[in-house]
Amino acid sequence: MPAISPSAPSASAQPVQRILTGITTSGTPHLGNYAGALRPAIEASLRADAESFYFLADYHALIKTNDPARVQRSTLEIAATWLAAGLDTDRVWFYRQSDIPEITELTWLLTCVAGKGLLNRAHAYKAAVDKNTADGEDPDAGVNMGLFMYPVLMAADILMFKAHSVPVGRDQIQHIEMARDIAARFNHLYGEHFVLPEAAIDESVATLPGLDGRKMSKSYDNTIPLFAPAAELKKLIFSIVTDSKLPGEPKETEGSALFQLYQAFATPEETETMRAAFAGGIAWGEAKQVLFERIDRAVAPMRARYEELIAQPALIEARLREGAEKARAIATPFLTELRHAVGLRRLDTAVEARAGVKAKAGALPLFKQYREADGRFYFKLVDGHGHLILQSVGFDSPKGAGQTIARLKQGEAMMSGAADVVLDGAVVGTLADGRDQAAYAAAIAELAAA
Ligand code: TRP
């Protein structure tokens, strides 16, 4: 692995943790993006043992919108937001995804090892299919291949930079699991090239509620733009939905969007004062005024920097280009290594004699089906030495067990927790002690390649 960090302390014995995350450039940053993603990412980037890779996921934006002006505008806004919020681009790798053509090339290499069955299970794609089915439409109506391939592109983002830790919202956990699965298959087929990433879900980081109390999200149209002018910010805050309790009546902090928003921007002491005010029957109008002032105080200095930056797009463009160069210093040689690994090689270098023969010989993993004394039907997956990898749950019929095996062979299963293998939301088997997800994925890949 090349030495990569100009900023990591050279005398440190701590292992370096690579952190990577991206934001899709299809909207305007809101308070939820800031508190849930940008603020913790910038804090993490200051750790001495961290190398941070933060990028603008503009290839992903094309899946969500066909409006070129929106993609460009959003890219500018999100880039300016990272910078205004204090990201130190000398310390981190900050780049625009589409400036790294190696990412699309890697996407193809990964596509060729990603199980179609695995992608059929992706939540976003499945939700579209389920909705079409419920509406009596063709299952794939309105679904483009970008949506279907979304997890593979995301895997390329992550695997390209050998990220260990990927801070994401809960809705993205499945994508990280898929990236692990795809990486494990590739490694099994072509050698240990990729690091298997983990999703990092920070419980202490707030998922902010929006104006209507649901999660703040573009898709619910309930957002408060991070850099709305003060007057608009105030108007939006005053439109937050509350219950109908009158001034003087004690108010619940639990489940109050207003309180949660306050907490995300206030110190612990300020939060306690607000909690007491709720108990003491503060009027909603007054609470909203306090919330507005608190958020405005936190945001105002950043908003001033943001406005300055937005007025100088050439400066932001130049920063992104520098970032791309720094990122490609890693991506270009790594892709050369990967191209070689899969056989995309120069012909004037040594040509390996035997095509199609795997380096390792020996027995393949095997699914074994059997019936227990309880009358139910089981299977297990054992490795080439007969050692247990996976033990199934009991099935009512041999057909049920057999169909499950067929689907596992297609790579359809997802991992859940440390050791459960899941299909359609139900646990179908458990990994043996000492076997991890990578061992399971490798065995399935070995069977698929045989
Ligand atoms: N899919 C992520 C989102 O919508 C954005 C994203 C793209 C991403 N590539 C990534 C996040 C790689 C983490 C790592 O939130």
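# Exercises on a predicted model

Tyr 59 sits in helix H2, which spans residues 58-64. The model is predicted, and the exercises below work through its contacts, domains and ligand site.

**Exercise 1. Find which residues Tyr 59 touches, leaving out those up to four places away in sequence.**

Step 1. Start from helix H2 (residues 58-64), the place of Tyr 59.
Step 2. Look for heavy atoms within 4.5 Å.
Step 3. List the partners: Gln 97, Ser 98, Ile 100, Pro 101, Thr 104 and Leu 153.
Step 4. Now take Ala 163. It lies 104 residues from Tyr 59 in sequence. In space, the C-alpha atoms of Tyr 59 and Ala 163 are 19 Å apart.

**Exercise 2. Work out which parts of the chain the salt bridge between Arg 18 and Glu 51 links.**

Step 1. Check the distance. The closest N and O atoms of Arg 18 and Glu 51 are 2.8 Å apart. The cut-off is 4 Å, so the pair counts as a salt bridge.
Step 2. Place each residue. Arg 18 is in strand S1 (residues 17-24), and Glu 51 is in strand S2 (residues 50-57).
Step 3. Read the separation. The two residues are 33 apart, so the bridge links distant parts of the chain.
Step 4. Set the pair in context. The whole structure holds 23 salt bridges.

**Exercise 3. Describe how domain 1 meets domain 3.**

Step 1. Fix the bounds. Domain 1 covers 18-206 + 308-339, and domain 3 covers 366-449. The assignment also gives domain 2 (218-303).
Step 2. Take the centres. Over C-alpha atoms, those of domain 1 and domain 3 are 31 Å apart.
Step 3. Count the contacts. Domain 1 brings 14 residues and domain 3 brings 16.
Step 4. Size the interface. Lost accessible area is often used for this. Here about 1,300 Å² is buried between domain 1 and domain 3, with carbon and sulfur atoms giving 57%.
Step 5. Find the main contributors in domain 1. Arg 121, Arg 185 and His 188 lose the most area to domain 3, together 45% of what that side buries.

**Exercise 4. Identify the polar links between domain 1 and domain 3, and the elements behind the domain 1 side.**

Step 1. Count the links. The interface has two salt bridges and three residue pairs in polar contact.
Step 2. Name the elements. Helix H5 (116-120) and helix H8 (173-190) each give two or more residues to the domain 1 side.
Step 3. Rank them. H8 gives the most, with nine residues.
Step 4. Sort the domain 1 side by character: five nonpolar, four polar and five charged residues.
Step 5. Inspect a charged pair. Asp 424 and Arg 121 form a salt bridge at 2.6 Å, N to O.

**Exercise 5. Map the polar side chains around the ligand.**

Step 1. Count the surroundings. The ligand has 14 residues around it.
Step 2. Pick out the closest: Thr 24, Tyr 150, Met 154, Asp 157 and Gln 172.
Step 3. Follow the ligand nitrogen contacts. A ligand nitrogen is 2.7 Å from a side-chain N or O atom of Asp 157. A polar side-chain atom of Gln 172 is 2.9 Å from a ligand nitrogen.
Step 4. Add the oxygen contact. A ligand oxygen is 3.4 Å from a side-chain N or O atom of Thr 24.

Key
Residues numbered from 1 in each chain as written. Predicted model: local features only at pLDDT ≥ 70, side-chain atom pairs only at ≥ 80, totals over all residues. Heavy atoms only, no water. Domains from an automatic or database assignment. Buried area = accessible area lost by both parts, 1.4 Å probe. Salt bridge = Lys/Arg side-chain N within 4 Å of Asp/Glu carboxyl O. Polar contact = N/O pair within 3.5 Å; in protein donor to acceptor, adjacent residues only side chain to side chain. Helix = DSSP H or I, 4+ residues; strand = E, 2+ residues; numbered from the N terminus. Nonpolar A, V, L, I, M, F, W, Y, C, P; charged D, E, K, R; others polar. Near = heavy atom within 4 Å.
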